[in-house]
Structure formats: structure tokens, C-alpha cells
Amino acid sequence: MVNRYVRVCLPRRKENALNLALALILASLLCFFYVKVYNDSHYQLPKEAGFTWPTPAVVLHTRPAANRQAKGPGENGEPVKLTGNDYEKGQADMKTWYMNVQASNKISLDRSLKDVRLQECKSISYDLKKLPKASVVIIFTDEAWTPLLRTVHSVINRSPPELLKEVVLLDDFSQRAELKSKLDDYIKRFDGKVRIIRKNERHGLIRAKLAGAKEAVGDIVVFLDSHCEANEGWLEPLAQRIYEKKSAVVCPAIDYISAETMAYSGDGRITSVGGFWWSLHFRWDPIPPKEQARRKSEIEPVRSPTMAGGLLAADRKYFLDVGGYDPGMDIWGGENLEISFRVWMCGGSIEFIPCSHVGHIFRAGHPYNMTGPGGNKDVHGTNSKRLAEVWMDDYKRLYYMHRNDLRTKDVGDLSGRHELRKKLNCSSFKWYLDNVIPSKFVPDEDVISFGSVKNEKSNLCLDTLQRDEKGSIKLGVFSCQGPGSSAQLFSLTKKNLLRREMTCVEVRVSEDTKKGQVWLSSCTPGSQKWQLTEDGLMQNVDTGLCLDVDELSSGNDAFASECDAAKTSQQWVIAKVVLK
Ligand code: LR7
Ligand code: MN
């Protein structure tokens, strides 16, 4: 270890001591660099990995992420597997951050990703000179450092400089010291392309996005969550579509980044569109056959009734003219459906752009305080009431069916939003249902009856028993709650389906018994037809069996057995409910 010159000049014991000292110095230097590189975690994996990182100025103009040959953790969107201490730290992160920040910290901020686009997308050439220029607005509150900066790097690396006017980091009153002067210093390397706007009170993501759009200077505004990775060629197709249609509000295909391993996965094709639950939560639906037929190729935009919320682009002026976001909404939730209903009803469209891909880290929780002004812990609920009151006309009754408790809740002044709707001369919510999402089931319209399926002798009603309706569930009975409990409301349709919003009641008969289980399952042709007979039986048409329940006791599962009009446990009525 000690070089030859030193060795000849030193007695043996001293040489050993010097060897040890040098080894110690070297070890601590290595240790220092390791910690520094990984903690700074910008431009990790330096020279040892066999390549030189480009200087920041070059980053802006040569888009190295596409060209570089990196071999570090997480490259090519691969998962990061941690061991030992790192693993423990990562698991702790999952509890506090709902994402593995430790894993993220191991990955280069410029990591490569699989280019998941369809082949046809790759050969399109865009006339960059004529396309509108983008302000990419990234809103954040106390986001972890590496996911936030990787979002910025991916945008810088994978956007044509001609199209990228600026990146705006909109800091929604973050408290962590790291996001202050260290971030101010960090962004200097981007030569002014990236700027920070700081809010000195908590705006919540909705007012933060609105502020970002107002302060941005680009022709189009693009919003991203602060834990995204823009993939190859993501920006051009968004700009192209807005160039073609000013009133199109467009979303990239959202690829999945695992919060646990940071693995990036995506399918080039778009297979789903946005829908909604009457509880005003967002859901994915398959592309309707009619929309699929309208598109001549897989790379054409897909019209979608709603959007997920976080990742979108719009002509900046159009976005603001059509009402931006509702500034009366707090913290999180509801703005995604609000903008969706509003844009469609006021003459625009929501579209998914298959050639544009952006990854998003899906977290199981929110690492920030979700309490709104006045200690409001139900911001999604109150925001959704605002949108229901302004945009849904009488159909708001279906929201109140789920949220009876909010009927009389004061959710602030709505006059500005009502005026907006009038000024823009927007269509009705019925128009939206009929034209944009005609498959949406309206539980109390055009049906034989709507209400609770009630056994009058016992005052028990068919009930979901709070089982999660996103999958198939068994139905049970519970003491009747009246119109106040949505868990007991069913529709008997003109096609004789006994159903709820997305699912139908079916009978599953086992081979050996003549008894069937009563399930709530996706609506398919099968054992899902029912009729209420003259002698008060609820009979499943396909199996001939009748709705029944053991011991007429609350909390029991329902089943279907051989019909017997003399059995009180088979006597049902539909207690009609009129929603208001
Ligand atoms: O008070 C806040 N202030 C903020 O600036 C709360 C949040 N934020 C920031 C936050 O740091 C993050 O960058 O807002 C961004 C979004 O917050 P998330 O990541 O906690 O939200 P989410 O991904 O759970 O939620 C989705 O629904 C929200 C409803 O209000 C927003 O529309 C989010 O943008 C949206 N995210 C997506 O749609 C990502 C793709 C999901 C899919 C499919
Ligand atoms: Mn998010």
C-alpha cells in the first residue's frame, strides 16, 4: 500500500503503522464520499461506474438520460432491492412516507427508463417550432428530496428544450429545512429553466395548482405530482393535441412506479378511461366499445369522462377561462372530477394521449397533514359537496345518498362557481351523463323500483355489511336503516337485474346442495335476474331459487333456497326510497 519510495526509507514497524494510518484515511475518505454521493444523491454513481456525468448545462441541451449507459440501482426502471440496514430504513420509510425513500435515494436522479411507448409513437415527428411552449408545474408540500428532484430531472432530460418554457416548483408551505435554501441552490444548475414559487401559507393542492397556472408563463400548463418520472417523448404528443384542439384537456398514460421498490412499469396501450362513483371517488373503467370503434388506431387520443387528477396538460388560457380549479376546495380531493365534469359540460374534452407516458409513485397514504381549515378532516367530502352543488343539478341526490351527513354542512360560498357555470353557458349534468358516459347506471331512474329489500317480519334488509364493493362480495342482512344507509339500497331494473351502482346480485349454486350463495358481482349475463313474485318471494329467475336468510338474524349472510311462500324468511318487499 505504501509506495516503494516510502518503503525503502522506513524501518519495518513504522511502515506497518503508516500502512494502517493510510488505510484508515483512505477508508474514511471513501466512506465520506459514499455518504456524500448518496445523500446528495444527485448524479450518483460517478466515475467508478465507468462514465462521466454531464455538466448541468449539458443536461439541458443534450438530454443524456436517453443516451447514457448506466448500470446503477434502479436503471432501466428496474426495482431496487435493499438489504440489511438499508432494508430496515426502507421499511421505516414505508410507514412515514408511504414510499421507500431509502430505495429512491439509491437511484440516479437521471435514471433510465424502459421506453414503453407503442412502436407507432416512436416514429412520429413533431414540428416543434409550431407547437405551444409548456410550463411544467410541480406542486409539492414536504415531499422527499430524491423523488421530487427526480421528477424535475426527468422533465428536463426528456423534454425538447424548444418546447419546455420553464419548470415551476410550487412549494405549498413546506416545513422541511432541506426544501429551502438547499433547493434554491440546487436548481441554479438548471440555468434558470427551473424556478420556485413559495407559498407562505398552506394552500392545499387545488389552490396551489391554480396559483401555479396563474403564475406560469408558457402557452400550455402541465401539472405533475412531485413523485413522477416523465418518460421518453412525453411532452410532444400532449402539446400536439392541444395545438390541434385548444379546449382539449389532456392526460398522459399514467405508468406505475412501485412505492416499495421504485420499479417502473407501464403498458404502451391505453385500456381504461376515467369514471366515477356516485360517492364522487374516481374509478377506472374499460374503454367503451363505441369509443374503441371510433379510434382508427391505438395511438389516437382516448376520450375519457374523467381524469385521475394529478397529471394533465391544457392550454393555459383555456384552463383559466374554463374556471381553473374551484378556489374554495381545500387540501386534497374532488378537483379531478370537478374539472372533468366542468370541461365536458362547458364544451371541452378530457382525453388520454397514448403516446405520452409519465410514471407516478402510487402511495398507500399521505405523508402530510390532511386537515383543512377549521379542523376539517373530511376535505374530500366537503370539496365533493361543492362540486355536486354546482355541477350535478338534481343528480347531487346520488352523492347525498352516500353522504347524508353532508346535506346541511356549510361548505362555503358557491356563488362564484354558479356564476361561472352561467357565464360559460354550460350544458346540464344530464347532458354529460347521456353524451359522455351513457353507460353510467343511475340507480333510481328508469327502473322498476329502487329502495331496500326488506323482510317485513324481522325488519331486516339486504345489506353489503360494509364489505368492500370494489370486488365481489357476499351479501347479508342487517336491521333496516331507511334511506339513510346507502349499503341497503338496490335497484330492480327493467331487465330484472337486482343491482347496485357497479354490481349485480347473483346466485352461486353449489353442485351438491340446492342452496345458493348470494353474491354481489360484476354485471354479466348469468344468474342475475330476479323477480318479486305475487306471493312476496324474491325469486332468482335463472336458478328458480328464492332469497332467504338463516334465523332471521342481523349480520347473517343471505342465501337462496327452494322457494316456499310459507317461510317468513322468504317474504320480501322492496321498500321504495325517493332520493332528494
Ligand atoms: O396540501 C397539499 N399540498 C400539496 O402541494 C397536498 C398535496 N400537495 C401535493 C403533493 O405534494 C403532491 O405533489 O400535491 C400533489 C398530489 O398529492 P398526492 O400525491 O398526495 O395525491 P395522490 O396522488 O394521492 O392523488 C390524486 O388525487 C388528488 C386529488 O386531489 C390529486 O388530483 C392528485 O394530483 C392525484 N394524483 C394523481 O392523479 C396521480 C396519478 C394517479 C393515478 C392513476
Ligand atoms: Mn401522487
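Mentor: Before we start, note that a helix here is a DSSP run of H or I of at least four residues and a strand a run of E of at least two, both numbered from the N terminus. The model we are reading is predicted, and by that reckoning its protein chain has 18 helices and 25 strands.

Trainee: How should I judge the confidence of the model, and where does the pLDDT stay under 50?

Mentor: Begin with the overall scores and then look for local exceptions. The protein chain averages a pLDDT of 90, with 88% of the residues scoring at least 70, and the model scores ipTM 0.99 and pTM 0.88. The pLDDT stays under 50 over residues 1-14, a stretch with eleven contacts beyond four places in sequence. It is also below 50 over residues 30-62, where the model has 40 contacts beyond near neighbours in sequence.

Trainee: What share of the residues in the protein chain is buried?

Mentor: Burial is read from the count of neighbouring C-beta atoms, with 20 or more within 10 Å marking a buried residue and 12 or fewer an exposed one. Of the 580 residues in the protein chain, 43% are buried. Contacts add to that picture: among those between residues at least 6 apart in sequence, 75% join residues at least 24 apart.

Trainee: Turning to ligand 1, which residues come nearest to it, and which helix gives the most to its shell?

Mentor: There are 23 residues around ligand 1, and those that come nearest are Asp-172, Ser-226, Ala-308, Gly-309 and Gly-310. Helix α10 gives the most to the shell, with three residues, while β1 (134-140), α10 (204-215) and α14 (335-345) each supply at least two. By residue type, the shell divides into ten nonpolar, nine polar and four charged.

Trainee: Since α10 has come up, how does one check its length, and is α10 mostly covered or mostly open?

Mentor: For length, one compares an expected span with the distance between the end C-alpha atoms. At 1.5 Å a residue, the twelve residues of α10 should span 16 Å, and the end C-alpha atoms are indeed 16 Å apart, so the two agree. As for cover, α10 is mostly covered, ten of its twelve residues being buried; among them are Leu-205, Ile-206, Arg-207 and Lys-209. The buried residues of α10 pack against β1, β2 (164-171), β3 (194-198), β4 (220-224), α13 (316-321) and α14, and of these partners β1 and α14 also contribute to the shell around ligand 1.

Trainee: How many of the residues of α8 are buried?

Mentor: In α8, 14 of 14 residues are buried. The length check works here too: the 14 residues of this helix (residues 145-158) should span 20 Å at 1.5 Å a residue, and the end C-alpha atoms lie 20 Å apart, which agrees.

Trainee: Which residue in the loop between α17 and α18 has a positive phi?

Mentor: The general idea is that most residues other than glycine have a negative phi. Asn-425, in the loop between α17 (415-423) and α18 (429-435), has a phi near 55°, a positive value in a residue other than glycine. Asp-446 is not a glycine either, yet has a positive phi of about 60°, and its place is in the loop between α18 and β13 (447-455). Asn-425 counts as exposed because 9 other C-beta atoms lie within 10 Å, and Asp-446 is likewise exposed, with 9 other C-beta atoms within 10 Å.

Trainee: What does UniProt list for residues 445-575?

Mentor: A record's label is best set beside the computed structure. The unreviewed UniProt entry lists "domain: Ricin B lectin" for these residues. In the model, residues 445-575 are 0% helix and 43% strand, with the end C-alpha atoms 16 Å apart.

Trainee: Is Gly-516 buried or exposed, and where is Gly-516 found?

Mentor: Here one combines the element, the neighbour count and the contacts. Gly-516 is found in strand β20 (residues 516-522) and is buried, because 23 other C-beta atoms lie within 10 Å. Beyond its neighbours within four places in sequence, Gly-516 is in contact with residues including Val-507, Val-509, Leu-545 and Phe-559. Gly-482, by comparison, lies 34 residues from Gly-516 in sequence and 27 Å away in space, C-alpha to C-alpha.

Note on methods. Residues numbered from 1 in each chain as written. Chains lettered and ligands numbered in written order. Predicted model: local features only at pLDDT ≥ 70, side-chain atom pairs only at ≥ 80, totals over all residues. Near = placed C-beta within 6 Å. Nonpolar A, V, L, I, M, F, W, Y, C, P; charged D, E, K, R; others polar. Expected span 1.5 Å × (residues − 1). Contact = placed C-beta atoms within 7 Å. UniProt positions renumbered as here; feature names shortened; annotations may be inferred. pLDDT = per-residue confidence, 0-100.
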